[in-house]
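The following paragraphs lead through the structure one region at a time, and they are best read with the coordinates open alongside.

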Amino acid sequence: MTASTLTIKDLHVEIEGKEIVKGFNLEISGGEIHAIMGPNGTGKSTLASAIMGHPSYEITKGSVSLDGEDVLEMEVDERARAGMFLAMQYPSEVTGVTTSDFLRTAINAHREEGDEIPLMKFIKKMDKNMETLDMNEQFSTRYLNEGFSGGEKKRNEILQLLMLEPKIAILDEIDSGLDIDALKVVSNGINNMRGESFGCLIITHYQRLLNYITPDHVHVMMQGRIVKSGDASLAQRLEAEGYDWIKEELGIEDERVGQEA
Ligand SMILES: Nc1ncnc2c1ncn2[C@@H]1O[C@H](COP(=O)(O)OP(=O)(O)OP(=O)(O)O)[C@@H](O)[C@H]1O
Ligand SMILES: [Mg+2]
């Protein structure tokens, strides 16, 4: 597989008439891991959901393209088929659909009719990836995320990542709620995906995750856009000093978005 590039240009996103993302620019190519950090309520999850086509978010300006194809013109399932993947900050529970059925359907949706993944091949791949993630096999027959603990849901998101092998993944707080061992396991899963055909955007609050997954680029989001970019050392500085120095440097008083009356 060849490397893909996701290009986000001057993106503006509104929710209920309020502008939350205000001129976001970023290019993510295969082989690259980008991290976005930023205080609460600065538009990170809104950005992720809007790129993946969440219907509540209205894109009022700007463009998103994958290898030159207009992503904003694609339906949500087309975005997934084109190789885009989102692990959500709060994964939803789906009653009546087992994890295993969900994954098989999702994989087959990426393949041509008549070229469905053979059952044995699917089971092998699933077993291997569940082992990598240190997941008990009972999860494959449980309803998707139903009654899963916070950490189990996050592992399950990474299981989807490993099974679907997207070209570009956006992982929103994949580390929140993980215990120390699970953090290593999940990082290991993401590191297994690293390579020329995989580009990744990791949204996180903690440098801790980035100790395991070294990002090529770190960006800080405030007021709905990237206000600072650097290499992995930027995340270390944020961990040590917080965000005040950036706000001072840039003369930002309130970093949040959507707080206006
Ligand atoms: N569906 C919605 N309805 C109303 N307001 C919303 C909605 N989605 C997002 N917002 C508002 O947009 C702002 C940015 O939210 P968002 O979830 O993007 O922040 P975030 O940077 O991901 O924060 P966190 O670090 O806490 O996850 C917040 O003020 C939030 O309340
Ligand atoms: Mg968020």
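A convenient place to enter this predicted model is the bridge between two parallel strands, where Ile 170 has Leu 201 in strand S8 as its partner. The strand to which this pairing leads back is S7 (residues 168–172), joined to S8 (residues 199–203) by five bridges in the parallel sense. The two strands also belong to one motif, since S7, helix H7 (residues 180–193) and S8 make a right-handed β-α-β unit.

S7 has a further parallel neighbour, strand S6 (residues 84–87), to which it is joined by four bridges. Here Leu 86 has Ile 170 as its bridge partner, while Ala 87 is matched with Leu 171. Five of the five residues of S7 are buried, with Ile 168, Ile 170 and Asp 172 on one side of the strand and Ala 169 and Leu 171 on the other, so that both faces are covered. S6 is likewise covered on both faces, Met 84 and Leu 86 being buried on one side and Phe 85 and Ala 87 on the other.

An antiparallel arrangement is found in the open sheet of four strands, whose order is S2-S1-S4-S5. Strand S2 (18–29) and strand S5 (69–70) stand at its edges, and because each has a single partner strand, one side of each is left without a neighbour in the sheet. The pairing of S5 with strand S4 (residues 58–66) is antiparallel and rests on two bridges, and Leu 66 stands opposite Glu 69 in S5.

Helix H9 (residues 232–241) has Leu 234, Ala 235 and Leu 238 as its buried residues. These lie on the same side of H9, because they cover an arc of only 100 degrees around the axis. The cover over the buried residues of H9 includes strand S3 (33–37), helix H8 (207–212), strand S9 (217–222) and strand S10 (225–230), whereas the face turned away from the buried side carries the exposed residues Ser 233, Ala 240 and Glu 241. After H9 comes Gly 242, with a positive phi near 75 degrees.

There remains ligand 1, which has 15 residues around it, with Asn 40, Lys 44, Ser 45, Thr 46 and Gly 258 coming nearest. Helix H1 (residues 44–52) gives the most to this shell, contributing three residues. In composition, the shell around ligand 1 divides into ten polar, three nonpolar and two charged residues.

Terms used
Residues are numbered from 1 along each chain as its sequence is written. Chains are lettered from A and ligands numbered from 1 in the order in which they are written. This is a predicted model: local features need pLDDT of at least 70, side-chain atom pairs count only at pLDDT 80 or more; totals for chains, interfaces and linings use all residues. A residue is near a molecule or strand if its C-beta atom, placed from the backbone, lies within 6 Å of it. Ala, Val, Leu, Ile, Met, Phe, Trp, Tyr, Cys and Pro count as nonpolar, Asp, Glu, Lys and Arg as charged, and the others, Gly among them, as polar. Two strands pair if DSSP finds at least two bridges between them. A residue is buried if 20 or more other C-beta atoms lie within 10 Å of its own, exposed if 12 or fewer, and partly exposed in between; C-beta atoms are placed from the backbone. The arc is that of the directions from the helix axis to the C-beta atoms. Two residues are in contact if their C-beta atoms, placed from the backbone, lie within 7 Å. A crossover is right-handed if, with the strands pointing away from the viewer, the path from the first strand over the helix to the second runs clockwise.
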